[in-house]
Amino acid sequence: MSFNLILWNQLHSYRRERHSVRLLQKLHLSIILTDIVMAPDQKTFVFSEVSKHNKTLDCWVIISGKVFDVTSFMEDHPGGSEVLLAATGKDATNDFEDVGHSEEARDLMDKYYIGKIDKSTVPAKRQYVLSENQNYSSNKSGFIVKILQFLVPFMILGLGFAVRAYTKEKSD
């Protein structure tokens, strides 16, 4: 990028010095060519490949359609490595945006960019499937909880009266 900036500055300095239009066209063409040659490869990853990188020593995250290798940032992340590990295996865009990262943090992301994600391979939302061998009877347990919420205070109150009566009899 710095080479581009130098060429761009040269272009503007030549404009100020009123050199020929032909020279300006050559410089502009060289800027375009260096953009093409020096542009990083835009590798496209599929979700299954990115989701394999979910360890402390090999951690990739997906944010806004881009893939970032944050392995070297694990120890430096202000929220800790656990936060980054929790963002693996899914599109972490909402997690990233909900925190409200600073512009400095957003600029730092460019350092870890390795490519883009094929959006057609990213699941819309992670779905959790209940195991078939576990029986969840929310109606029964809800009823039991309500009865216990009603009975436990009366049992404590009754125990309090019993202790009071017992201690009163001993003192008489």
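**Salt bridges, strand pairing and nonpolar groups in a predicted model**

The structure holds two salt bridges, and it is described here from a predicted model, so that every value given below is a computed one. In general, side chains of opposite charge can pair when their charged atoms come close. In one of the salt bridges, the side chains of Lys90 and Asp95 meet with a distance of 2.7 Å from N to O. Lys90 has a relative accessibility of 25% and therefore counts as partly exposed, and Asp95, at 36% relative accessibility, counts as partly exposed as well. Arg106 forms a salt bridge with Glu97, and here the closest N and O atoms are 3.0 Å apart. Arg106 is partly exposed, because its relative accessibility is 27%, while Glu97, with a value of 37%, is likewise partly exposed.

Regarding the overall architecture, the protein chain contains seven helices and five strands, which follow one another along the sequence in the pattern α-α-β-α-β-β-β-α-α-α-β-α. Of the contacts in the protein chain with a separation of 6 or more, 63% are accounted for by residues that lie 24 or more positions apart. Buried residues make up 22% of the 172 residues in the protein chain, and the accessible surface comes to about 13800 Å², with 59% of this surface belonging to carbon and sulfur atoms.

The pairing of the strands can be followed from β3 through β4 to β5. Strands β3 and β4 pair in the antiparallel sense over four bridges, and within this pairing Ile63 stands opposite Lys66 in β4. The two strands form a hairpin with two residues between them. Ser64 lies in the loop that links β3 (58-63) to β4 (66-69), and this residue has a positive phi of about 55 degrees although it is not a glycine. With a relative accessible area of 44%, Ser64 falls between the limits of 20% and 50% and is therefore partly exposed. On the other pairing of β4, this strand and β5 (residues 113-117) are antiparallel and are joined over three bridges, with Gly115 in β5 serving as the bridge partner of Val67.

In soluble globular proteins, nonpolar side chains tend to be buried together. In the present model, the largest nonpolar core has 13 residues, of which Val61, Ile63, Phe68, Val70 and Leu84 touch the most other members. The element that gives the most to this core is β3, with three residues. When residues up to four places away in sequence are not counted, Leu84 touches Cys59, Val61, Val70, Phe73, Met74 and His77. Apart from the largest core lies another core, which consists of eight residues, among them Phe45, Val50, Ile62 and Val67.

Nonpolar residues are also found at the surface, where a patch of about 1300 Å² is made by Phe143, Ile144, Ile147, Leu148, Phe150, Leu151, Val152, Phe154, Met155, Ile156, Leu157 and Phe161. One of these residues, Val152, is found in helix α7, which comprises residues 138-171. Val152 counts as partly exposed because its relative accessibility is 34%, a value that also satisfies the requirement of over 30% relative accessible area for residues that make up a patch.

Definitions and conventions:
Residues are numbered from 1 along each chain as its sequence is written. This is a predicted model: local features need pLDDT of at least 70, side-chain atom pairs count only at pLDDT 80 or more; totals for chains, interfaces and linings use all residues. Side-chain values use heavy atoms; hydrogens and water are left out. Patches are made of residues with over 30% relative accessible area and no salt bridge: like charges are joined within 9 Å, nonpolar side chains (Val, Leu, Ile, Met, Phe, Trp, Tyr) within 5 Å. Accessible areas come from the Shrake-Rupley method with a 1.4 Å probe; for residues, only the protein chains shown count as cover. A salt bridge is a side-chain nitrogen of Lys or Arg within 4 Å of a carboxyl oxygen of Asp or Glu. Buried means under 20% relative accessible area, exposed over 50%, partly exposed in between (1.4 Å probe, protein chains only). A nonpolar core is a set of buried Ala, Val, Leu, Ile, Met, Phe, Trp, Tyr and Cys residues joined through side-chain atoms within 4.5 Å. Contact means heavy atoms within 4.5 Å. Two strands pair if DSSP finds at least two bridges between them.
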